[in-house]
Protein chains: 2
Amino acid sequence: MNAPVSSPASTPALTKNQSLVFEVLNSSDAPMSAYTILDKLRDHGFRAPLQVYRALDKLTEFGMVHRLESLNAFVACAHPNSECCSTGHGHHGTVAFAICESCGHVFEFHDHQVDHRLGDWAKGKGFKPAKTTIEIRGLCEACAA
Amino acid sequence: MNAPVSSPASTPALTKNQSLVFEVLNSSDAPMSAYTILDKLRDHGFRAPLQVYRALDKLTEFGMVHRLESLNAFVACAHPNSECCSTGHGHHGTVAFAICESCGHVFEFHDHQVDHRLGDWAKGKGFKPAKTTIEIRGLCEACAA
DNA sequence: ATCAATTGCGTTATGCTATAACGTGTGTCA
DNA sequence: TGACACACGTTATAGCATAACGCAATTGAT
């Protein structure tokens, strides 16, 4: 009984572990590390980091979760139904993040011009992009005040 | 005899450890992790990670070294004398990196329009950027062939 | 039906990345 | 000369991530 469970349709069917991990991330205001997620799920039978990492890998592949490289942490996608996400297949955008170093809040956004500009640079150099990371660390409006 | 040694002028005076770490990074084609640097410097008396991390912190502050967040690794700045670098003070740019996942080579570049665009987004949101990371992972021209 | 391939899962062990906390020596400068 | 700042060395520990094993369930082709 480890197979994915059918679900409402739009989002891919998630397994139990994937759902649990996503729930935890999705109800958090701030990014969480894999180990923090693990701790939140001990009551649900999670014992080892790999259980979390495996779920995170899939969720990331589905475009439901993003990894923040500068934080070694993860957030639920803020625009789950937009085409900007999903590494899996047809997408046309890179997601950018602004991360408040005071309150931890993450703003996710997308900018076509930045995309095009980076894409043009790559074209000019013959570089084939696979994944692009854009992260702005700083202070959000509320915290900068 | 632990104080910085005076040097040619343009670059800040580096201590012995800082020079050693910078030399290692600067003569490498690809980014290196702190621990790889440590191994390269065992012959020079390095014993502990902190010796490397402390030097890297300073070199980064001087703008002579960049940290690649998506790799947990470090590279020597490719444009040491440009104003684009140096987190320390007056600079106007964010550096972007294209990282070849096959050969490991890193291309460092700068794009004002990307900068402005991200800056505009931040202004609009009242977000105060402190440090911006832009990293494109993919395949360089030679490796994509 | 059944066998092979695939995928998810659980567990143990391990490896890599980074920092805390302590004490030492040295140069600066009021 | 005493307070301070800074670089350094060492030990210990914290935090992030994956390798390698074996089992269970599902899928799909023959």
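1. Which helices each supply at least two residues of the surface near DNA strand C? In this predicted model, they are helix 3 of chain A and helix 3 of chain B, each spanning residues 49-61. The contribution of helix 3 of chain A is the greatest, at four residues.

2. The protein surroundings of DNA strand C comprise 17 residues. Those that come nearest are Asn17(A), Gln51(A) and Arg54(A) from chain A, together with Tyr35(B) and Arg67(B) from chain B. On the DNA side, 56% of the strand C atoms that come within 4 Å of the protein belong to sugar and phosphate.

3. Classified by residue type, the surface near DNA strand C contains seven nonpolar residues, six polar residues and four charged residues.

4. Several polar side-chain atoms approach phosphate oxygens of DNA strand C. For Arg67(B), the distance from a polar side-chain atom to a phosphate oxygen is 2.4 Å. In chain A, an N or O atom in the side chain of Asn17(A) is 2.8 Å from a phosphate oxygen. For Ser33(B), a polar side-chain atom lies 3.3 Å from a phosphate oxygen of the strand.

5. A further point concerns the interior of chain B. Helix 1 of this chain covers residues 16-26, and its buried residues are Gln18(B), Leu20(B), Val21(B), Phe22(B), Val24(B) and Leu25(B). These buried residues pack against two other helices of chain B, helix 2 (34-40) and helix 3, and also against strand 1 (65-68) and strand 2 (73-76) of chain B. Helix 3 of chain B thus appears in two settings: it supplies at least two residues of the surface near DNA strand C, and the buried residues of helix 1 of chain B pack against it.

Technical notes:
Residues are numbered from 1 along each chain as its sequence is written. Chains are lettered from A and ligands numbered from 1 in the order in which they are written. This is a predicted model: local features need pLDDT of at least 70, side-chain atom pairs count only at pLDDT 80 or more; totals for chains, interfaces and linings use all residues. Side-chain values use heavy atoms; hydrogens and water are left out. A residue is near a molecule or strand if one of its heavy atoms lies within 4 Å of it. A polar contact is a pair of N or O atoms within 3.5 Å; within protein, one must be able to donate a hydrogen and the other to accept it, and residues adjacent in sequence count only if both atoms are side-chain atoms. Ala, Val, Leu, Ile, Met, Phe, Trp, Tyr, Cys and Pro count as nonpolar, Asp, Glu, Lys and Arg as charged, and the others, Gly among them, as polar. Buried means under 20% relative accessible area, exposed over 50%, partly exposed in between (1.4 Å probe, protein chains only). Contact means heavy atoms within 4.5 Å.
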